[in-house]
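Subject: Structure for you to look at

Dear colleague,

I am handing over the structure we spoke about, with the sequence alongside. Please look through it at your leisure, and then read the notes underneath.

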Amino acid sequence: MDFRLKALTKSIWVFHVSAGSCNNCDIEILDCLTPRFDVERFGIQLVGSVRHADALLVTGAMNKKSIPRLKKIYEQAPKPCVVVACGICAVSQNMFRDSYSMGDPLDKIIPVDVYIPGCPPKPEAIISGIVKLVKKIRGA
Ligand code: SF4
C-alpha cells in the first residue's frame, strides 16, 4: 500500500467543496466539528487550502458552473487524494438531475471513493462514511 495512503488513515485533512448545495449538508459537516461529535479527536480537520488536503468532501449537485471549478480544485490537490460525496445531491444529483443547469454527476467528473447518502446526512452518517473510507484505504 502507498505509504501516503496509509498515513491518511491516521489524520485526514479535509478540504470542503460546496458545489451548489443548499447549505444544509455544509451545516451538518460543521456539526461534526463541534464538541458534541468532535471529529478532530480522530485527527480529522478542515483545512483552508486544497494544497494541504488529503481528502475532498464534496456537497451539492454538480452544475455547469461548478464543474470546471471542481476539476481545477481536484487537479490542485496533492495525490493520492480521496474524494467523499456527502449528501444525496453529490451522490446522485437528487431531484435536480434533469434540470437545465446540471452537468455530469460527480463520479463522472472525478473518482469518488465513498458515498454518504442523506438529505442532509446526519453527523453520525458522515462519521460512519469516514470510518468506511479508512477501512477501504486499509483494505479491511
Ligand atoms: S443533499 Fe439535501 S441538504 Fe444536502 S445539498 Fe442536497 S438538498 Fe441540500
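What follows is an account of what was found, going from the overall fold to the sheet and its strands.

Please keep in mind throughout that this is a predicted model.

To begin with the fold, the protein contains six helices and five strands, and these elements come along the sequence in the pattern α-β-α-β-β-α-β-α-α-β-α. The radius of gyration is 14 Å, close to the 14 Å that the globule rule gives for 140 residues, so the protein is as compact as a globular protein of that length. The C-alpha trace extends over about 40 × 30 × 30 Å when taken along its principal axes.

As regards packing, 43% of the 140 residues count as buried, and of the contacts with a separation of 6 or more, 83% are between residues that lie 24 or more positions apart in the sequence. The accessible surface amounts to about 7,800 Å², and carbon and sulfur atoms contribute 56% of that surface. There are 19 positive and 13 negative charges in the protein, and the mean positions of these two groups are 4 Å apart.

The strands form an open sheet of five, in the order β2-β1-β3-β4-β5, and their pairing is parallel. The edges are taken by β2 (45–46) and β5 (114–116), each of which has a single partner strand, so one side of each is left without a neighbour in the sheet.

Two of the pairings can be described in more detail. Strand β1, which covers residues 13–18, runs parallel to β2 and is joined to it by two bridges; in this pairing Trp13 is found opposite Gln45 of β2. Strand β3, which covers residues 55–59, pairs with β4 in the parallel sense over five bridges, and here Leu57 is found opposite Val84 of β4.

Strand β4 (residues 82–86) deserves a separate look, since a strand has two faces to consider. In a regular strand the side chains alternate between the two faces of the sheet. In β4, Val82, Val84 and Cys86 point one way, whereas Val83 and Ala85 point the other way, and all of these residues are buried. The strand is accordingly described as mostly covered, with five of its five residues buried.

With best regards

How values were computed
Residues numbered from 1 in each chain as written. Predicted model: local features only at pLDDT ≥ 70, side-chain atom pairs only at ≥ 80, totals over all residues. Heavy atoms only, no water. Helix = DSSP H or I, 4+ residues; strand = E, 2+ residues; numbered from the N terminus. Rg over C-alpha atoms; globule rule 2.2 N^0.38 Å. Buried < 20%, exposed > 50% of the residue type's maximum accessible area, 1.4 Å probe, protein only. Contact = heavy atoms within 4.5 Å. Areas by Shrake-Rupley, 256 points an atom, 1.4 Å probe, with all protein chains shown as cover. Lys, Arg positive; Asp, Glu negative; His and termini not counted. Charge placed at Lys NZ, Arg CZ, Asp CG, Glu CD. Pairing = 2+ DSSP bridges.
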